[in-house]
Amino acid sequence: MNGAFLREFLRNPLTVAAVAPSSERLADTVTAPVPHTGSPVVVELGPGTGSFTAAIQRRLGGRGRHLAVEINSRFAAPLAMRYPRVDVVLGDAARLRDVLDRRGIGRADVIVSGLPWAAFSAGHQDDLLGAVTDALAPDGVFTTFAYTSTLWAPAAGRLRRSLRDRFEEVVAGRTVWANLPPALVYSCRRPRIRPDLIRPDLIRPGVRQLSASRPGSAEPRTGAGIPG
Ligand SMILES: C[S@@+](CC[C@H](N)C(=O)[O-])C[C@H]1O[C@@H](n2cnc3c(N)ncnc32)[C@H](O)[C@@H]1O
């Protein structure tokens, strides 16, 4: 049991929302889209004590950029000490666009989330997912996880619907049993960008133009692999 993690859960149950850090197996699965070549921009949301941070750093092997946005200073400070190659940002993931703008970064190639979606209100979930789709490259990948024991809960259903509204493709992976509690990973591709948020300065030549469908629109959904 990780003492620091448990202590922060007891202090901030609604932002930490887990009693133990994610396992290596879950970290491997959720960070799988981080490419082994090139110089990708990888953003991590809610790194906590760094389960996913370690896996992302292993995959990057010194290439690219790795930003980790953490709202809790008791997690952020030790993480920055432990991973000097990671740009650890103390702040709210909902402000991701500002974080990237301040660094002159247009879009992220991969966004990996450790955020506890089920603990968030509908409005907060929506703000955070909006920040993700606004920051992700049109050909980028967003991954996040959910505990299988709470998939029945209204907040979990709301997350699935929001993911399908926000992305053209949403695939749920197999249950990762080697995690406390067991979890599954959603891999989301092709963000649907709201027309009013399109920024011409961030459209890269040769890359698929941004989709102009609005979250929650009546456009047919092509998301696959996740039930209701
Ligand atoms: C369930 S823990 C996951 C920690 C780690 N990724 C793991 O899987 O072991 C959730 C993390 O998200 C952080 N967090 C919650 N809300 C956040 C927000 N709005 N912005 C950034 N981090 C947030 C919490 O402080 C905590 O570190």
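Select Arg-158 to start. In this predicted model, Arg-158 belongs to helix 8. Is Arg-158 buried or partly exposed? Arg-158 counts as partly exposed, because 17 C-beta neighbours lie inside 10 Å, and a residue needs 20 or more to be called buried. Now show the residues around Arg-158. Leaving aside neighbours within four places in sequence, Arg-158 is in contact with Ala-122 and Gln-125. Then add Ser-121 to the selection. Ser-121 and Arg-158 are 37 residues apart in sequence, and their C-alpha atoms are 9.9 Å apart in space.

**The helices on the sheet**

Extend the selection to the whole of helix 8, residues 154-166. Helix 8 packs on the sheet and touches strand 5, strand 6 and strand 7. Its direction makes about 135° with that of strand 6.

Next select helix 7, residues 122-135. This helix lies across strand 1 (41-45), strand 4 (108-113), strand 5 (136-147) and strand 7. Against strand 5, helix 7 runs at about 145°.

**The sheet**

Hide the helices and look at the strands. The protein has eight helices and seven strands. In what order do the strands of the sheet stand? Seven strands form an open sheet in the order 3-2-1-4-5-7-6, with mixed pairing. Strand 3 (87-90) and strand 6 (167-172) stand at the edges. Each of these two has a single partner strand, so one side of each is left without a neighbour in the sheet. Turn the view to look along the sheet: neighbouring strands are turned by 20° against each other on average, direction ignored.

Strands of a sheet pair through backbone hydrogen bonds, either parallel or antiparallel. Strand 7, residues 183-191, offers two cases to follow. On one hand, strand 6 and strand 7 run antiparallel and are joined by five bridges. On the other, strand 5 pairs with strand 7 in the antiparallel sense over seven bridges.

Select Tyr-186 in strand 7. Ala-172 stands opposite Tyr-186, and Thr-144 also stands opposite Tyr-186. Move on to Ser-187 in strand 7, which is the bridge partner of Val-171.

Why is strand 7 described as largely enclosed by the rest of the structure? Seven of the nine residues of strand 7 are buried, so the strand is largely enclosed.

**Two backbone details**

Stay in strand 7 and pick Arg-190. Its phi is near 60°, a positive value in a residue other than glycine. Arg-190 counts as buried, because 21 C-beta neighbours lie inside 10 Å.

Then go to the loop between strand 6 and strand 7, where Pro-181 lies. A cis peptide bond joins Leu-180 and Pro-181, with omega at about -5°.

**The core**

Select the largest nonpolar core, which has 49 residues. Which of its members touch the most other members? They are Val-42, Val-43, Val-69, Ala-108, Ile-111, Val-132 and Ala-135.

Take Val-69 from this group. Apart from neighbours within four places in sequence, Val-69 is in contact with Val-43, Leu-45, Val-89, Gly-91, Ala-93, Leu-96 and Val-99.

For the protein as a whole, 39% of the 228 residues count as buried. Among contacts with a separation of 6 or more, 68% are between residues 24 or more positions apart.

**The ligand**

Now display the ligand and the 23 residues around it. Pro-21, Ser-22, Gly-46, Gly-48 and Gly-114 come nearest. Helix 2 (13-16), helix 4 (51-60) and strand 2 (65-70) are the elements that give two or more residues to the shell. Sorted by class, the shell has 14 nonpolar, seven polar and two charged residues.

**The last stop**

Finish at Ala-17, in the loop between helix 2 and helix 3 (24-30). Ala-17 is partly exposed, because 16 other C-beta atoms lie within 10 Å, where 20 or more would make a residue buried. Not counting residues up to four places away in sequence, Ala-17 touches Pro-116, Ala-118 and Ala-119. Add Leu-6 to the view as well: Ala-17 and Leu-6 are 11 residues apart in sequence and 9.9 Å apart in space, C-alpha to C-alpha.

How values were computed
Residues are numbered from 1 along each chain as its sequence is written. This is a predicted model: local features need pLDDT of at least 70, side-chain atom pairs count only at pLDDT 80 or more; totals for chains, interfaces and linings use all residues. A residue is near a molecule or strand if its C-beta atom, placed from the backbone, lies within 6 Å of it. Helices (H or I, at least four residues) and strands (E, at least two) are DSSP runs, numbered from the N terminus. Ala, Val, Leu, Ile, Met, Phe, Trp, Tyr, Cys and Pro count as nonpolar, Asp, Glu, Lys and Arg as charged, and the others, Gly among them, as polar. A residue is buried if 20 or more other C-beta atoms lie within 10 Å of its own, exposed if 12 or fewer, and partly exposed in between; C-beta atoms are placed from the backbone. Two residues are in contact if their C-beta atoms, placed from the backbone, lie within 7 Å. A nonpolar core is a set of buried Ala, Val, Leu, Ile, Met, Phe, Trp, Tyr and Cys residues joined through C-beta atoms within 7 Å. Two strands pair if DSSP finds at least two bridges between them. Axes are lines fitted to C-alpha atoms, for helices over the stretch in contact, and angles run from 0 to 180 degrees between N-to-C directions.
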